[in-house]
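This report looks at domain layout, one domain interface, and a few side-chain pairs. Please read it alongside the sequence and the model.

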Amino acid sequence: MAEWDASLDHVIPSSLLPPFWAKFLVGFASLMCFARSYDGDFVFDDSEAIVNNKVAGVVGRADLLGALFFLLSFLGYCKAFRETNKEGTHSTFWVLLSILLGAVAMLCKEQGITVLGLNAIFDILVIGKLNVLEIVRKLLRKDRSLESPGMLRTGGLLFRMTLLALGGAGVLYVRWKIMGTGPPVFTEVDNPASFADSVLVRAINYNYYYSLNAWLLLCPWWLCFDWSMGCIPLIKSVGDWRVIALAALWFCLIGLICQALCSEDSHKRRILTLGLGFLIIPFLPASNLFFRVGFVVAERVLYLPSAGYCMLLTFGFAALSKHTKKKKLIAALILGILFLNTLRCVVRSGEWRSEDHLFRSALSVCPLNAKVHYNVGKNLADKGNQTAAIRYYREAVRLNPKYVHAMNNLGNILKERNELQEAEELLSLAVQIQPDFAAAWMNLGIVQNSLKRFQAAEQSYRTAIKHRRKYPDCYYNLGRLYADLNRHVDALNAWRNATVLKPEHSLAWNNMIILLDNTGNLAQAEAVGREALELIPNDHSLMFSLANVLGKSQKYKESEALFLKAIKAHPNTASYHGNLAVLYHRWGHLDLAKKHYEISLRLDPTASGTKENYGLLRRKLEQMQKKNV
């Protein structure tokens with residue numbers, strides 16, 4: 001066993017440092033690289049994956065978890081050979097556990113299943129010591145003795161390959177049963193090369209994408225959260241200078257593969273095979289070879305291949321140091337690369353601290369990417385800087401004239417600025433480009449309602465609901481339209497639909513209470529108000545609306561309690577104090593009424609109704625004083 005363990009350590013050498021110090025060094029280096037962002041905001045797709053995700057936020061760590069179980073699966077497969085006392089044999093338990101860990105890796109991230117392929121290559125070429133050069137030579141000599149003693153010494157290899165194949169097929173079957181057979185639907189802006197008519201254009205661009213990924217491993221200076229939407233223009237002819245990158249990539253890859261398969265040095269063959277296996281095999285699902293993927297370049301898919309890159313780089317420096325006397329220069333070069341990459345990690349980690357830093361960092365890398373401008377604009381709009389947001393949204397639409405989400409957001413801002421004609425044009429164009437864009441239909445309805453085009457607005461709302469049946473906000477806006485048209489029953493039905501779909505929809509509840517109050521249906525308004533407060537007990541606006549209804553029903557004590565709770569939640573809302581003053585005025589608590597009228601007028605001196613009521617109260621108090629005198 002000791003001989004076999006030493007042989008395997010020759011392929012996957014253990015750390016030169018004691019285990020504790022090796023772990024400490026790796027952990028400390030990781031902390032140094034990423035400490036800047038540990039308390040950063042949730043940014044970009046973290047909002048959907050973590051913040052707004054009700055199933056589990058751990059989905060935001062899919063790549064890390066996939067890599068963890070991928071490596072555990074591979075190490076488990078290595079353990080299968082360490083656990084035996086005889087070379088060429090294995091522990092079936094560890095092989096099965098490796099397959100199980102590979103399945104878990106795939107459940108975390110689809111590319112996790114490629115560990116089974118890596119294990120197979122590792123078994124055949126590294127453990128089995130298959131010598132491709134020797135086989136080729138025998139084929140050329142027409143030697144019938146093609147059996148490789150190192151590989152087929154026992155039937156163990158065939159058994160392990162069968163287990164891996166069956167395990168992979170079983171995992172894929174389970175995935176098919178859970179997810180179905182249909183691939184995700186992607187658009188041309190997600191992956192332009194995959195929609196090219198010419199096979200040659202597709203092939204050239206796919207290979208250019210591979211070279212870009214290789215460059216990101218070598219020099220990770222151009223980093224961007226999104227590489228779609230024109231970030232990388234298509235190569236449409238072989239005259240494009242960028243084809244040089246393809247040639248350089250394949251020159252290096254072919255050279256490494258030839259050395260890995262045909263070198264006379266068995267140790268060199270095995271190290272290069274393992275490095276290339278880690279580099280290439282986990283990348284295959286992102287290569288567009290088997291199915292269309294939804295991105296041009298995605299830095300996350302390089303997480304696992306970077307392990308292979310590090311192996312190859314380390315082996316290359318080790319080989320170089322053997323053939324030169326300038327070992328200090330080699331050491332300085334290695335330390336320089338480590339320092340530069342650590343510095344880049346620190347800088348990039350800082351860029352992920354907030355959406356503002358992240359999105360703006362992409363402008364210099366991908367200035368032609370409409371999504372980058374869109375996200376910068378959205379971030380500015382969320383902060384209230386509408387003028388700057390409009391500029392970025394317009395640039396996003398200019399770069400991608402079919403970018404319906406940018407049109408929708410730009411239309412919304414223009415609507416809020418009362419630039420209704422241009423807002424209607426943008427939103428109409430958005431739904432023309434994407435007829436099932438429910439949000440754009442709803443926003444178009446809001447603009448048309450503001451333009452007093454009620455019939456068109458109703459049709460837009462109905463179309464939005466047709467494309468998204470569970471759309472409480474659209475029902476709410478439809479109810480507002482009906483209320484403007486004095487179609488009270490239809491308005492109440494629309495708002496009721498909104499609250500059924502979204503029980504915490506405060507605005508819909510409030511509008512129902514107010515409409516019923518204004519139409520004299522106080523008992524029904526009270527019932528709706530109580531129902532709403534049971535569902536949203538801390539909503540101060542609902543307390544205020546129900547308090548108004550109870551006051552009109554002469555339930556002064558209960559009304560007072562709700563007014564006071566609303567004021568406690570929002571003490572600087574003038575209308576809350578003003579309406580409580582009206583309640584005290586009706587109730588006969590004139591001093592309290594005077595107090596809250598005065599507070600209300602301090603908060604909002606322009607409130608004409610409060611001024612008038614306060615004037616009436618003062619005259620009444622003056623008359624009472626005269627009578628007392």
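How many salt bridges does the rule find across the interface of domain 3 and domain 4? Zero. The model is a predicted one, and the rest of that interface is described next.

**Domains and the interface of domain 3 with domain 4**

The chain splits into four parts: domain 1 (1–142 + 151–182), domain 2 (188–323), domain 3 (470–553) and domain 4 (571–628). The C-alpha centres of domain 3 and domain 4 are 28 Å apart. Contact between them involves six residues of domain 3 and five residues of domain 4. Together the two domains bury about 450 Å². Carbon and sulfur atoms account for 58% of that area. On the domain 3 side, His-540, Phe-544 and Gly-551 provide 73% of the area buried against domain 4. No other three residues of domain 3 supply more.

Salt bridges are absent across this interface, but two residue pairs are in polar contact there. Both pairs are at pLDDT 80 or more. Sorted by class, the face of domain 3 that touches domain 4 holds one nonpolar, four polar and one charged residues.

**Salt bridges**

Over the model, the rule counts 21 salt bridges. Three of them are listed here.

| Acidic residue | Basic residue | Closest N to O distance |
|---|---|---|
| Asp-240 | Arg-242 | 3.0 Å |
| Asp-382 | Lys-378 | 3.6 Å |
| Glu-458 | Arg-487 | 3.6 Å |

Take Asp-240 and Arg-242. Both residues of this pair are buried.

Asp-382 and Lys-378 both belong to helix H15. Because they are four residues apart in that helix, about one helical turn separates them. Asp-382 is exposed, at 55% relative accessible area. Lys-378 has a relative accessible area of 34%, so it counts as partly exposed.

Glu-458 and Arg-487 form a salt bridge that links distant parts of the chain, 29 residues apart. Glu-458 sits in helix H20 (residues 454–467). Arg-487 is in the loop between helix H21 (472–484) and helix H22 (488–501). With a relative accessible area of 30%, Arg-487 is partly exposed.

Elsewhere, shared partners build a network: salt bridges join Glu-526, Arg-530, Lys-555 and Glu-558.

**Asn-375 in helix H15**

Is Asn-375 buried or exposed? Asn-375 counts as buried, because its relative accessibility is 9% and the cut-off for buried is under 20%. The residue lies in helix H15, which spans residues 370–382. What does the side chain of Asn-375 reach? It reaches the backbone oxygen of Lys-371, at 2.8 Å. Leaving aside residues up to four places away in sequence, Asn-375 touches Phe-44, Phe-225 and Phe-359.

**Trp-21 and Phe-42**

Trp-21 is part of helix H2 (residues 19–34). At 48% relative accessibility, Trp-21 is partly exposed. How far apart are Trp-21 and Phe-42 in space, C-alpha to C-alpha? The distance is 33 Å, for a separation of 21 residues in sequence.

Conventions:
Residues numbered from 1 in each chain as written. Predicted model: local features only at pLDDT ≥ 70, side-chain atom pairs only at ≥ 80, totals over all residues. Heavy atoms only, no water. Domains from an automatic or database assignment. Contact = heavy atoms within 4.5 Å. Buried area = accessible area lost by both parts, 1.4 Å probe. Salt bridge = Lys/Arg side-chain N within 4 Å of Asp/Glu carboxyl O. Polar contact = N/O pair within 3.5 Å; in protein donor to acceptor, adjacent residues only side chain to side chain. Nonpolar A, V, L, I, M, F, W, Y, C, P; charged D, E, K, R; others polar. Helix = DSSP H or I, 4+ residues; strand = E, 2+ residues; numbered from the N terminus. Buried < 20%, exposed > 50% of the residue type's maximum accessible area, 1.4 Å probe, protein only.
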